[in-house]
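Subject: Structure for you to look at

Hello,

Here is the structure I promised to hand over. Please open it first, then read my notes below with the model on your screen.

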Amino acid sequence: MGIVWGTIPSRHLKPAGRLIARMNGTMDEASALQRNYKEVLDRIAAACRAADRPPGSVSLLAVSKTFGADRVAALAAAGQRSFGENYVQEAVAKITALRNERPDLRLEWHFIGPIQSNKTRLIAEHFDWVQSIDRERIAERLSEQRAADRPPLQVCVQVNVSGEASKSGCAPADVIALARRIVSLPRLVLRGVMAIPEPSEDVAIQRGQAARVRGVFDDLRAAGLAVDTISNGMSADIESAIAEGSTMVRVGTALFGRRARVDD
Ligand SMILES: *Cc1c(COP(=O)(O)O)cnc(C)c1O
């Protein structure tokens with residue numbers, strides 16, 4: 001009978017066997033990640049077809065919060081370039097490690113978490129995009145703190161389409177004023193809107209909320225603002241978001257698996 005390494009507890013293996021068992025584990029994780037990546041890209045492509053939209057019209061932001069730099073590097077090896085993070089300290093450590101150790105990967109980093117004003121400097125220094133701007137003070141600080149030798153920050157206004165149920169995001173009625181302020185700031189480029197609708201398993205509710213995000217985007221265009229990004233849709237509602245016009249889905253769980261932390 002052949003030996004299946006995975007069935008032998010590693011403490012019973014000689015050192016070489018332990019190494020192989022560990023490598024097998026890593027290879028399993030890498031192939032699971034590749035399989036998930038393909039599945040998510042297939043879901044996006046199918047949703048585009050169903051909505052009669054061109055296949056390249058929706059981009060994928062891989063949300064790597066709580067997962068290590070090794071997982072990011074593994075997904076980058078499969079072809080993913082854009083990653084999203086929510087927690088400043090965790091993100092800066094990951095971004096710095098990857099920039100130092102894997103400059104060849106040329107990753108693009110998006111900040112998508114709540115922003116405290118004492119964290120704007122770190123965000124301005126390390127990220128390429130900031131999607132979660134919900135007030136003028138944050139926009140002003142990010143513009144002031146963005147270094148002159150870096151490209152301007154690409155930004156979205158986070159809009160609250162779920163009313164009282166959600167505390168983060170700008171009220172739809174205030175989005176145009178905030179967007180105009182952003183456009184007046186020298187180191188920011190306004191790209192569009194981002195939303196985190198209240199989770200629902202009801203597709204009609206998902207579609208209704210996604211349609212409201214699209215409505216806010218349309219209002220910005222009608223006001224003469226040049227925007228091209230609707231960042232909406234997560235693991236559970238990719239299809240609804242794309243059906244209602246999303247141009248960027250932010251996917252964590254469907255790529256990396258469930259997060260250990262439950263505070264998000
Ligand atoms: C965590 C998070 C995601 C990813 O959510 P999943 O359900 O794991 O795909 C997307 N956007 C934001 C803002 C998040 O905080």
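**Overall picture**

The protein chain has nine helices and eight strands. Keep in mind that this is a predicted model. The chain has 264 residues, and 45% of them count as buried. About 13,500 Å² of the protein chain is exposed, with 54% of that supplied by carbon and sulfur atoms. Now take the contacts with a separation of 6 or more. Residues 24 or more positions apart account for 62% of these.

**The ligand**

Which residues surround the ligand? Start with Val-63, Lys-65, Asn-86 and Ile-112. Add Ile-196, Met-234, Ser-235 and Arg-250. Val-251, Gly-252, Thr-253 and Arg-259 complete the list. By class, this shell has five nonpolar, four polar and three charged residues.

Three contacts deserve a look, each to an oxygen atom of the ligand. Lys-65 places a polar side-chain atom 2.6 Å from such an oxygen. Arg-259 also uses a polar side-chain atom, at 2.8 Å. With Gly-252 it is a backbone N or O atom, and the distance is 2.8 Å. How much of the ligand does the protein cover? On its own, the ligand has 390 Å² of accessible area, and the protein covers 90% of it.

**Aromatic pairs**

The structure holds three aromatic pairs. I describe two of them here. A pair of aromatic rings is described by the distance of the centres and the angle of the planes.

Take Phe-67 and Phe-256. Their ring centres are 5.2 Å apart. Their planes meet at 20 degrees, so this pair is stacked. The two residues are 189 residues apart, and the pair links distant parts of the chain. Phe-67 sits in the loop between strand E1 (59–63) and helix H2 (69–77). Phe-256 belongs to helix H9 (residues 253–256). Are these two residues buried or exposed? Phe-67 has 14% relative accessibility, so it counts as buried. Phe-256 is at 12%, so it is buried too.

Next come Phe-111 and Phe-127. Here the ring centres are 5.2 Å apart and the planes are at 80 degrees, so the pair is edge-to-face. Phe-111 lies in strand E3 (residues 108–111). Phe-127 lies in the loop between helix H4 (120–126) and strand E4 (129–133). The pair therefore ties together parts that are 16 residues apart in sequence. Phe-111 is buried, at 0% relative accessibility. Phe-127 is buried as well, at 0%.

**Two helices**

Find helix H5 (residues 136–145). H5 is mostly covered, with seven of its ten residues buried. Which ones are they? They are Ile-138, Ala-139, Glu-140, Arg-141, Leu-142, Ser-143 and Gln-145. Note that Glu-140 and Arg-141 are in this list. These buried residues pack against H4 and E4. They also pack against strand E5 (153–158), helix H6 (175–183) and strand E6 (188–194).

Now go back to H2. Its buried residues are Arg-71, Val-72, Ala-73, Leu-75 and Ala-76. An α-helix has 3.6 residues a turn, so residues three or four places apart point the same way. Just after H2 comes Gly-79, with a positive phi of about 125 degrees.

**Loop residues to check**

Most residues other than glycine have a negative phi. Two residues here have a positive one.

- Asp-52 has a phi near 60 degrees, a positive value, and is not a glycine. Asp-52 is in the loop between helix H1 (15–50) and E1. At 74% relative accessibility, Asp-52 counts as exposed.
- Arg-106 is not a glycine either, yet its phi is positive, about 45 degrees. Arg-106 is in the loop between helix H3 (88–101) and E3. Its relative accessibility is 71%, so Arg-106 counts as exposed.

Pro-55 is also in the loop between H1 and E1. Pro-55 is exposed, with a relative accessible area of 67%. How far is Pro-55 from Ile-44? In sequence, they are eleven residues apart. In space, the C-alpha to C-alpha distance is 8.1 Å.

Best wishes

How values were computed. Residues numbered from 1 in each chain as written. Predicted model: local features only at pLDDT ≥ 70, side-chain atom pairs only at ≥ 80, totals over all residues. Heavy atoms only, no water. Helix = DSSP H or I, 4+ residues; strand = E, 2+ residues; numbered from the N terminus. Buried < 20%, exposed > 50% of the residue type's maximum accessible area, 1.4 Å probe, protein only. Contact = heavy atoms within 4.5 Å. Areas by Shrake-Rupley, 256 points an atom, 1.4 Å probe, with all protein chains shown as cover. Phe/Tyr/Trp six-rings, centres within 6.5 Å; stacked < 30°, edge-to-face > 60°. Near = heavy atom within 4 Å. Polar contact = N/O pair within 3.5 Å; in protein donor to acceptor, adjacent residues only side chain to side chain. Nonpolar A, V, L, I, M, F, W, Y, C, P; charged D, E, K, R; others polar.
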